[in-house]
Structure formats: structure tokens, C-alpha cells
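Let us go through how buried and charged side chains are read in a model, taking the general idea before the particular case.

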Amino acid sequence: MRFMDWIHGARPKTLPLAVAPVITGAAVASVSGAPYDTRFLAVMLLCMGVALFLQIAANFANDYSDGIRGTDEHRDAAGAAGHAADEQAAVRAPARLVASGVNPRHVLFAAGTNAVAACACGLAVCALTGYWWFIVVGVASLLAAWCYVGGSHPYGYHYLGEVFVFVFFGLVAACGTMFALSGRITAGGVGAGTANGLVAVAVLCVNNLRDIESDREHGKHTWMTAFGRTWGTVFADALLVVASILAIALVAGWFVSIPVIIAVCVFMCVVQIAACDAISRVDYRRALPLCTLGSLSVSLVFAAAAFLV
């Protein structure tokens, strides 16, 4: 195995989803009165470390669990056969490590190593803030990462993947960061976390639209296998639209410099429109990075607004 194969196995295109809600949480914490000092920066970076390492751990754990179940086998063929009229490059899933012949134990070890790194960052956050109950949140996050497709009853196979993604990639990450930095959670923080959570669900929907035939074949039940490709596409597009509207509505109440915030909001809308177009054209290879960029663009709106308040 080459080093770059492990980099690809970590699925770097998904990592903005981990960073974005932390940026959002920090922005809302700043608006709520948290002083921007060295401690603020240290805690924010550590929260980002927790999110990043946990995301990478989850990606390797998913690769391991789907690989040993056989769900990842022939994903390329399933995608091409189920949508023969489309460009194969647009629907083909990226290669997975276990399905490509890598020793499953090595992939599981990579997941565990990143989980340990996430725990180390989390304990540092607890030490700096004094909020040791964050350990409970950390344990819940680790269990959610593993049980998505791991264990004997993975919730990702039973229509619950989208729910957990919304909760942990939206509310938990954003509100947890906000509380670590400011000691409170506001309605604005919940709303901002909701915006990031909706985009994260849209990313999962695009991923599941791409793999819809293979998932059905292997008994993996997702919202996309229930909706079908047509209504699933409409749903994914709607998530991006609602997230953008929510972000704009929230920052509109912060009374910031109009020209600057309009420019940032226009950028966000352009990214989301491009993502919607790619999803509608069944160009999932282009849609996935656009959706993850869309998550960062939502956070950029909150960060720019916080800077201008």
C-alpha cells in the first residue's frame, strides 16, 4: 500500500464537514460575548482537532465495517449498471481500502489511532475549560462513529444515518464548540448548527444517491433508497436551499456591514446553486466536493458576520 492510498482512504474531501461546524460555533460564541484571546484560539483549535480526527476515524471505521460486510464490493459496477445512460465517472464511488484488498486489521488500527488522537484533543479541551462532562459527549461521538455501519445492528443500515449526521455534524459540533468557548448555548447557536447539519445531511444524501443500487443490493436502508433517485435528488437540493436561507436569516439579525455580508452570502449561494446543479445532473463526483465546500461557505457567512459585529 502506498502512503497516498491511506490519504485517500481517510477521504479528505469529507473533512471540511468536520471543520465547518467548529468555525460556526466559534463565530456564534464570539458574537455572544466570548473574548477572543489566546485561550479562545487554543480551545477552538483543539475542538477542530477533535472533529477532524473523529471524522477520519469514522471514515476508516466505515471502510472496515462495509468492507468486511461486502457492501463496498463492486460499487463501481453497481453504479454504472444502475445508471448506464450517465457518465460512469460521474457516479463511480472512490475505491475503498478493505474492498481493494488491504488487511482489515490495518484499517481498523488506523481508525483506532485517529480515535485516540481525537480523545487526546478532547481531554485537552476539558482541562482548559473545566467542563469534564464533555467526556460523555466524546464517548457518545465515538459510539456514533463506530455504530454507523459497525457492530451487529448498525444504525446506518436502518434509516438513521441522516439523523445522526445532522445531530453530530451540526448541533453537537457547533453547540459544543460554542459552549466550550462561551459557557452557554443560545438559540442562534442552535440555528447555526442546524444550518451546518442540513448541509452535512445533504452530503450524505449525495453519497447515498451515488451508491443507491449497491446499498439496495446489500440491504443498506437509507433515506435515498426509500425516496428513490428522483425524490432523493429533490430532497438533497432542498436541504442546501434551506441551509442557505437559515444562515442568511440568522446573520441578518446581527446588524453587520451590509455590503460585505451580502458579498459573502452571494458566494455561499453560488456554491450551493452549483452543488444543486451537479446533483440534478447526477454528477456526484462534482457534487460531493461542492457540497462540502457549501458547508464551509455557510460557516464563512457566520465567521464574516461575527468579525463585522
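A: We can start from one residue: Asp277 counts as partly exposed, at 30% relative accessibility, on a scale where buried means under 20% relative accessible area, exposed over 50% and partly exposed in between (1.4 Å probe, protein chains only). This is a predicted model, in which local features need pLDDT of at least 70 and side-chain atom pairs count only at pLDDT 80 or more, whereas totals for chains, interfaces and linings use all residues. Residues are numbered from 1 along each chain as its sequence is written, and side-chain values use heavy atoms, with hydrogens and water left out.

Q: With which residue does Asp277 meet in a salt bridge?

A: A salt bridge is a side-chain nitrogen of Lys or Arg within 4 Å of a carboxyl oxygen of Asp or Glu. Here the side chain of Asp277 meets that of Arg281 at 2.9 Å, N to O, and Arg281, at 58% relative accessibility, counts as exposed. Both residues belong to a network of salt bridges that also links Asp283 and Arg286.

Q: Is the salt-bridge residue Asp211 buried or exposed?

A: Asp211 is buried, with a relative accessible area of 3%, and its partner Arg210 is buried as well, at 5%; the closest N and O atoms of this salt bridge are 3.0 Å apart.

Q: Which parts does the salt bridge between Lys220 and Asp66 tie together?

A: The two side chains meet at 3.8 Å, N to O. Lys220 lies in the loop between helix H10 (212-217) and helix H11 (223-252), and Asp66 in helix H3 (residues 38-69), so the pair ties together parts that are 154 residues apart in sequence; helices here are DSSP runs (H or I, at least four residues), numbered from the N terminus.

Key
Helices (H or I, at least four residues) and strands (E, at least two) are DSSP runs, numbered from the N terminus.
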